[in-house]
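Here's a quick briefing to read with the structure open. It goes through one helix, a metal site and a helix pair in turn.

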Amino acid sequence: MMELTIQLIPTGEIILSPGKNGESYCHSCTKAVGSDGVRITMESALTARDRVGVQDFVLLENYTSEAAFIENLRKRFKENLIYTYIGSVLVSVNPYKDLEIYTKNHMERYRGVNFYEVSPHIYAVSDNSYRSMRTERKDQCILISGESGAGKTEASKKILQYYAVTCPASDQVETVKDRLLQSNPVLEAFGNAKTLRNDNSSRFGKYMDIQFDFKGAPVGGHILNYLLEKSRVVHQNHGERNFHIFYQLIEGGEEDLLRRLGLEKNPQQYQYLVKGNCPKVSSINDRSDWKVVRKALSVIGFNEDEVEELLNIIASVLHLGNIQYGGEDSGNAYITTDTQIKYLARLLGVDGLVLKEALTHKKIIAKGEELKSPLNLEQAASARDALSKAVYGRTFTWLVNKINVSLAYKDDTYKNASVIGLLDIYGFEVFQHNSFEQFCINYCNEKLQQLFIELTLKSEQDEYEAEGITWEPVQYFNNKIICDLVEEKFKGIISILDEECLRPGDASDITFLEKLENTVGGHAHLTTHKLADGKTRKVMGREEFRLLHYAGDVNYNVNGFLDKNNDLLFRNLKEVMCMSENKILTQCFDRAELKDSKRPETAATQFKTSLAKLMEILMSKEPSYVRCIKPNDAKQAGRFDEVLIRHQVKYLGLMENLRVRRAGFAYRRHYETFLQRYKSLCPETWPSWQGKLADGVSTLVKHLGYKPEEYKLGRSKIFIRFPKTLFATEDALETRKHSLASKLQSSWKGYRQKTKYRKLRSSAVVVQAWWRGILACRRAQRRRQAANTIRRFIKGFIYRHNERCPENEYFLDYVRYSFLMKLRRNLPKSVLDKSWPTPPTALIEASEQLRKLYMQNMVWGYCKRINPEWKHQLEQKMVASEIFKNKKDNYPQSVPKLFLGTRLNGEEINPKVLQSLGSEKMKYAVPVTKYDRKGYKARPRQLLLTSNSAVIVEEAKLKQRIDYAALKGISVSSLSDGVFVLHVPTEDKKQKGDVVLQSDHIIETLTKVAICADKVNSININQGSITFTVGQGKEGIIDFTSGSELLVAKAKNGHLSVVSRNNGRM
Ligand SMILES: Nc1ncnc2c1ncn2[C@@H]1O[C@H](COP(=O)(O)OP(=O)(O)O)[C@@H](O)[C@H]1O
Ligand SMILES: [Mg+2]
């Protein structure tokens, strides 16, 4: 159900991703971070240590191994984890690419959380300092060091941004935040330059105080600057540039502005910009930077006039650089380029002639008298450069002060504001040739290291003391001895240098070196070519001295030491500057300076003093450290140059740092945190410990089998000596977590199933109840309806005989309806079927109509289907019916029997008969019995019906022919016999009288005769007897009776007696 995956995200954090179901899984020591997973503590990150290393170097088992240290750095760097701790010191490796780890979300993530709860980040350090400041009301400082290009300035900007975004603010604070942020682009424009090491290298040291009010809102700031690299104004090494501002002005400045400043839009025109042969840098956009700087200047509070005056100075430095000298025969220098002087006079607001003279002469005051002496070419050029450097350097200082005025908190109520200081200062520098600047820088780093040692050791010691644990002395190298070597009064290197600078006579860099040898030659941390042993001498120049710094040995070349330390500007140049109408310059060159006959402090002494002040400032604050490392010299992302890094690890003193931190215990945690995380590893502390925290931890570690030498219990913290103890505990937790997770899972699953089941059941019950209700309603409704129907039905039944009225209309309709429906189902199937449902009273008439209609319809249909033969048959049957129906007893039996066309076929009739009939068409023939007129003898005969006559035939003889016209009538009895009489006229001679015949098919035969002779109405049906003529007027009588047996015989009375069968079947 819940799958947790450990995922490394580019933020440098390890995220526990929730399972597929999307539930976040929080175990005791983790904190949920929104929906993107779970942030895990440093201890949890140990589980990924094989891949990403440890996030705190104190957890390195082999903490004295530089290789292990670098390997850990490399692992993390490869995973884009650029930050690692040494205790509370943050080590940062410049990624040289944009990592998505500085978003507002990240800032929020680090806000207000415990240092160890989140993965290492510059924001964690920022937040920790901020919180310490707020809760302990103690001023903080964050010291950022590292070599050029290691990311110091970026780090300080990130910190500033963090405060600007996360700290509370009010309206007026917004402007302070803006100014704090905007001071950066201005200072970078004037103080940064492209060097070989860094495209945006800070060429000055910077310490910035951010002041916060009692609510924690930033309300002001103050900047101290150190040792601007002024020499860059007049000279740049190959591939390097002058300060950004010159290029920005030339590239970005509006036409109008450039015209006013007398500048051309081409940096190649200016001697001070061509030395490095590098006017363009791909990573820098001077034009857009110019816009940023212009905007920043106005945010900081520069008005248009001030900006103009500032730019006048920048432009005049460029013009100064373009001043060319020619040499007179005497060797004195003169200026060959008057246009520059013209521009300079205007831009600086000085007298052109005075300036011109000052640039070619020097003025010395000896015994109250002013002496002017001309300069030779070389001197003039260096005087010009000195002026440029002085003008630029002082303007830079003025700029910093101006920014300070803008950042200063104005309100008195903020007097006791708390402060966080940010120190972004050059790290240890070692070049092929190291000069005065490196000397100063490395001295500065010695001082910072001193501070670091003192403060770290002190804080370690304080913690041990606070926890009641005996202090174990830590072996470390105290570099105080080196600091002393540099700065001690009278005996220190700076004192010796100053002495050489001030001493009358021809002091030179070499005499300085000699003096060093004489004064501090025996010092363990200094050597010179002359003093060194043979091996060292090989790698040293004759003009070099070597200092054995805490971070390593550096050879310094003494060339230029005196000049740089003196930093001299000829008096008459100073005077010209003091006369300037440029308001900025009048602030930079104070007339009081001219009256002061004391020599100004040397550069080294100034630096020493300012460093001492800085140390004082830092000592009064609680420090945090950010150590920046540059991964390669090519400014390339993803490249880890081991040699270079090892070098820096050494110079930053990181191993020393780790040793001090690890001297006692590798790991310490508050009891609460420790117990909270590991309580599941001991039955007594799981799931919760009720007693005192210390007892809980003690029980826990005993259960885990910690040996006494492995840990110590302080007042509020547990101290674990070796990382491996912690790792073992971590691993145990990892295993335990799995079993806990499955236990949790199973109970969670059970719980979920049960909840699901309960929910389903209660839903089912609700649904059932509703459904039952619905069903019951329906049933009740149906019953009610049924009762109503029945009631209506009964009422209707009672009123059924009444006129249609509301009471009976339903019933009547129902009866009608059901009759019609019944009728529909029981309609007669054929014409002969006479059945018909009995209609209700109200429908008798309609029923009768319907029946008729239906019958008609059926008959009509029947007729339509009938064929001609059948029609003929039926016509004959109709005739038979007309004649016999209800008249003769054997008629009903004849009805179902079909009439045949003839009863005798051609062969049965004698051909002679047929011949004698001739053309007469034969229509019917039937065998008959003829009874003689006399005696009634029965004789078999054939009766043939032609179109004209009926013919009686005996064999081949035509016995009698009766024309139809002559046929008077036909008589039959009403009984079931087959006897009939054909009456002929008596007057006809040819005829022998009426003929008595008998046919087995009496009905058929007579019907045929009636039709053929058209005598339908001439058939008489007689009851009892028939009288017939025998001829010559005599009559015969036939008596008909019914009996059991058919009998035709002459009776005694002379009548022919015909007895028909009772049942009359023929
Ligand atoms: N955290 C960082 N993320 C990305 N790039 C960085 C970071 N830190 C430094 N850089 C890159 O390295 C360059 C040099 O950094 P910078 O802070 O100017 O060095 P330093 O001040 O130590 O000389 C920057 O211009 C930037 O390109
Ligand atoms: Mg920098």
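Of the 18 residues in helix 13, 15 are buried, so the rest of the structure largely encloses this helix. Keep in mind that this is a predicted model.

**Helix 13**
- Helix 13 covers residues 304-321, and at 1.5 Å a residue its 18 residues should span 26 Å; the end C-alpha atoms sit 26 Å apart, so the two agree.
- At the N-terminal end, Asn303 acts as the cap for helix 13, with a side-chain oxygen 3.2 Å from the backbone nitrogen of Asp305.

**The magnesium site**
- Which protein atoms serve as donors to the magnesium ion (ligand 2)? They're OG1 of Thr153 and OG of Ser202, lying 1.9 to 2.1 Å from the ion.
- This pair ties together distant parts of the chain: Thr153 belongs to helix 6 (residues 152-166) and Ser202 to strand 9 (residues 201-202), 49 residues apart.
- Thr153 counts as buried because its relative accessibility is 14%, under the 20% cut-off.
- Ser202 is buried too, at a relative accessible area of 16%.

**Helix 9 against helix 12**
- Helix 9 (residues 244-252) and helix 12 (residues 286-300) have axes that come within 8 Å and cross at roughly 100 degrees.
- That angle falls in the 65 to 115 degree range, so helix 9 is roughly perpendicular to helix 12.
- On the helix 9 side, the contact is made by Ile245, Tyr247, Gln248, Leu249, Glu251 and Gly252.
- Helix 12 brings Asp286, Arg287, Asp289, Trp290 and Val293 to that contact.

How values were computed. Residues are numbered from 1 along each chain as its sequence is written. Chains are lettered from A and ligands numbered from 1 in the order in which they are written. This is a predicted model: local features need pLDDT of at least 70, side-chain atom pairs count only at pLDDT 80 or more; totals for chains, interfaces and linings use all residues. Side-chain values use heavy atoms; hydrogens and water are left out. Helices (H or I, at least four residues) and strands (E, at least two) are DSSP runs, numbered from the N terminus. The expected span of a helix is 1.5 Å times one less than its number of residues. Buried means under 20% relative accessible area, exposed over 50%, partly exposed in between (1.4 Å probe, protein chains only). A polar contact is a pair of N or O atoms within 3.5 Å; within protein, one must be able to donate a hydrogen and the other to accept it, and residues adjacent in sequence count only if both atoms are side-chain atoms. Donors are N, O and S atoms within 2.8 Å of the metal (3.2 Å for Na, K and Ca); water is not among the atoms, so sites may look incomplete. Axes are lines fitted to C-alpha atoms, for helices over the stretch in contact, and angles run from 0 to 180 degrees between N-to-C directions. Angles under 35 degrees count as roughly parallel, over 145 as roughly antiparallel, 65 to 115 as roughly perpendicular and the rest as oblique. Contact means heavy atoms within 4.5 Å.
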